[in-house]
Amino acid sequence: MSFGGDGMSKKRVQVGQVYQTVGSSIGRTWRVKATVDLFGIPHARIVSTEDEGDVKTLSCTVLIDAAHYRLVEAAPAAA
């Protein structure tokens, strides 16, 4: 599932992308493991790249919001 927000954004959340937390000098990085639709709202399941036991589910809107996260690695190309 790709999510492009309100139509104004070209950003899409895709499995394999890596995002970094914004606002700290050593922001943790998170890899998108899956995208799901919860109550009609697109969400991403993300796992810490430092500790795979640390898993979160976030709204895709939050994940693509530059005030919270920034994309640091694109999803791998499809084989």
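Leu63 has its place in helix 1, and this residue is a convenient way into the fold. The structure is a predicted model. At 0% relative accessibility, Leu63 falls under the 20% limit and therefore counts as buried. Leaving aside residues up to four places away in sequence, Leu63 touches Val13, Tyr19, Val32, Ala44, Ile46, Leu58 and Tyr69. For one of these partners, Ala44, the separation along the chain is 19 residues, while the C-alpha atoms of Leu63 and Ala44 are separated by 7.9 Å.

These contacts lead into the core. The largest nonpolar core consists of eleven residues, namely Val13, Tyr19, Trp30, Val32, Ala44, Ile46, Leu58, Cys60, Leu63, Ile64 and Tyr69. Two or more of these core residues come from each of strand 2 (29-38), strand 3 (41-48) and helix 1 (60-63). Ile64, another member of the core, lies in the loop between helix 1 and strand 5. With a relative accessibility of 11%, Ile64 is also under the 20% limit and so counts as buried. Ile64 and Arg12 are 52 residues apart in sequence, yet their C-alpha atoms are 7.6 Å apart in space.

Stepping back to the whole chain, the model has one helix and five strands. Read from the N terminus, the elements follow the order β-β-β-β-α-β. Of the 79 residues in the chain, 33% count as buried. The chain exposes about 5000 Å², and carbon and sulfur atoms supply 54% of that area. Among contacts between residues at least 6 apart in sequence, 37% join residues at least 24 apart.

The strands come together as follows. Five strands form an open sheet in the order 4-3-2-1-5, with antiparallel pairing. Strand 4 and strand 5 (69-73) are the edge strands, each pairing on one side only. On average, and with direction ignored, neighbouring strands of this sheet are turned by 40 degrees against each other.

Within the sheet, strand 2 and strand 3 pair in the antiparallel sense over eight bridges. Two core residues face each other in this pairing: Val32 has Ile46, in strand 3, as its bridge partner, and both belong to the largest nonpolar core. Strand 3 is mostly covered, with six of its eight residues buried. On to the next neighbour: strand 3 pairs with strand 4 (residues 55-59) in the antiparallel sense over five bridges. Here Val47 has Val55, in strand 4, as its bridge partner. The connection from strand 3 to strand 4 is a hairpin that runs through six residues. Towards the other edge, strand 1 (residues 18-21) and strand 5 pair in the antiparallel sense over four bridges, and Gln20 stands opposite Arg70 of strand 5.

The turn between strand 2 and strand 3 deserves a separate look. These two strands form a hairpin with two residues between them. Phe39 lies in this loop and has a positive phi of about 55 degrees although it is not a glycine. Most residues other than glycine have a negative phi. The side of the turn that Phe39 presents can be stated too: its relative accessible area is 86%, over the 50% limit, so Phe39 is exposed. Phe39 is thus exposed, whereas Leu63 is buried.

Finally, a word on how confident the predictor is. The mean pLDDT of the chain is 85, and 85% of the residues reach 70 or more. Among the elements, strand 3 has the highest mean pLDDT, at 97, and strand 5 the lowest, at 93. Residues 1-9 stand apart from this, as their pLDDT stays under 50 throughout. For that stretch the model has 20 contacts beyond four places in sequence.

How values were computed. Residues are numbered from 1 along each chain as its sequence is written. This is a predicted model: local features need pLDDT of at least 70, side-chain atom pairs count only at pLDDT 80 or more; totals for chains, interfaces and linings use all residues. Side-chain values use heavy atoms; hydrogens and water are left out. A nonpolar core is a set of buried Ala, Val, Leu, Ile, Met, Phe, Trp, Tyr and Cys residues joined through side-chain atoms within 4.5 Å. Buried means under 20% relative accessible area, exposed over 50%, partly exposed in between (1.4 Å probe, protein chains only). Contact means heavy atoms within 4.5 Å. Accessible areas come from the Shrake-Rupley method with a 1.4 Å probe; for residues, only the protein chains shown count as cover. Two strands pair if DSSP finds at least two bridges between them. Axes are lines fitted to C-alpha atoms, for helices over the stretch in contact, and angles run from 0 to 180 degrees between N-to-C directions. pLDDT is the predictor's confidence in each residue, from 0 to 100.
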